[in-house]
Amino acid sequence: MELSPDDEADILTAYWLTGYDTVADFGAYIDWKEWSEEIIAQLAPGVRKKGYSIDLNAVPIIEDETTDVFLERLKNYLEQHDYTLAFWDIGGDSYHLYITPKTSFAHLEALGKESFISFFNTYE
C-alpha cells in the first residue's frame with residue numbers, strides 16, 4: 001500500500017502512534033467479516049519484524065466463528081503474553097488492527113485522542 005501524507009494523514013498518524021517502523025509493519029486491515037486465518041496472516045509479518053515473542057498460530061481457529069468473537073479471543077491470548085490488540089474503527093465495515101505491548105495501550109489511546117483517532121481493544 002502506497003501511503004501519501006496528503007491523502008491519508010489520519011492513517012499515517014495512526015501508523016506512527018502504534019510504533020510501527022515501516023509500512024510493511026502496518027498491522028492488519030480487515031473487513032468486519034474477515035476470516036480468522038486472514039487476520040493471522042496479516043498480523044504475522046509485523047509480529048516477526050517487531051521481534052514480539054508470541055506465536056499467533058497458537059490461537060485456535062474455530063470454524064464459523066464470527067470476526068468479533070475471534071478478535072476478542074485473539075486479544076485475550078495476546079494479553080496473556082503482555083500484548084494487546086489495538087483496533088481503530090475507520091468507519092464503514094473495515095478496521096485497522098495493531099499488536100502493541102499491553103503497557104503502552106493507554107499511551108496509544110491518549111495520543112490518538114490528541115489526533116481525533118479512537119483506539120479500542122475490545123471487540124464484543
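Guide: Welcome! In this predicted model, a residue is called buried when its relative accessible area is under 20%.

Visitor: Thanks! What share of the chain's residues count as buried?

Guide: The chain has 124 residues to consider. With the cut-off of under 20% relative accessible area, the buried share is 42%.

Visitor: In what pattern do the helices and strands follow one another along the sequence?

Guide: There are 4 helices and 4 strands to place. Read from start to end of the sequence, their pattern is α-β-α-α-β-β-α-β.

Visitor: How far apart are the end C-alpha atoms of helix H2, residues 36-50?

Guide: Helix H2 has 15 residues, and at 1.5 Å a residue these should span 21 Å. The model agrees with that expectation, because the end C-alpha atoms of H2 are separated by 21 Å.

Visitor: And at which residue does H2 bend?

Guide: The bend is about 30°, and Pro-45 follows within four residues of it. The buried residues of H2 include Ile-39, Ile-40, Ala-44 and Val-47, and the residue at the bend is on that buried list too. H2 bends at Leu-43.

Visitor: Let's move to Lys-102. Is Lys-102 buried, exposed or partly exposed?

Guide: Lys-102 sits in the loop between strand E3 and helix H4. Its relative accessible area is 36%. Buried means under 20% and exposed means over 50%, so Lys-102 is partly exposed.

Visitor: Which residues does Lys-102 contact, leaving aside neighbours within four places in sequence?

Guide: A contact here needs heavy atoms within 4.5 Å. By that cut-off, the partners of Lys-102 are Glu-79, Asp-82, Tyr-83 and Thr-84.

Definitions and conventions:
Residues numbered from 1 in each chain as written. Predicted model: local features only at pLDDT ≥ 70, side-chain atom pairs only at ≥ 80, totals over all residues. Heavy atoms only, no water. Helix = DSSP H or I, 4+ residues; strand = E, 2+ residues; numbered from the N terminus. Expected span 1.5 Å × (residues − 1). Bend = angle between axes of the 7 residues up to and from the residue. Buried < 20%, exposed > 50% of the residue type's maximum accessible area, 1.4 Å probe, protein only.
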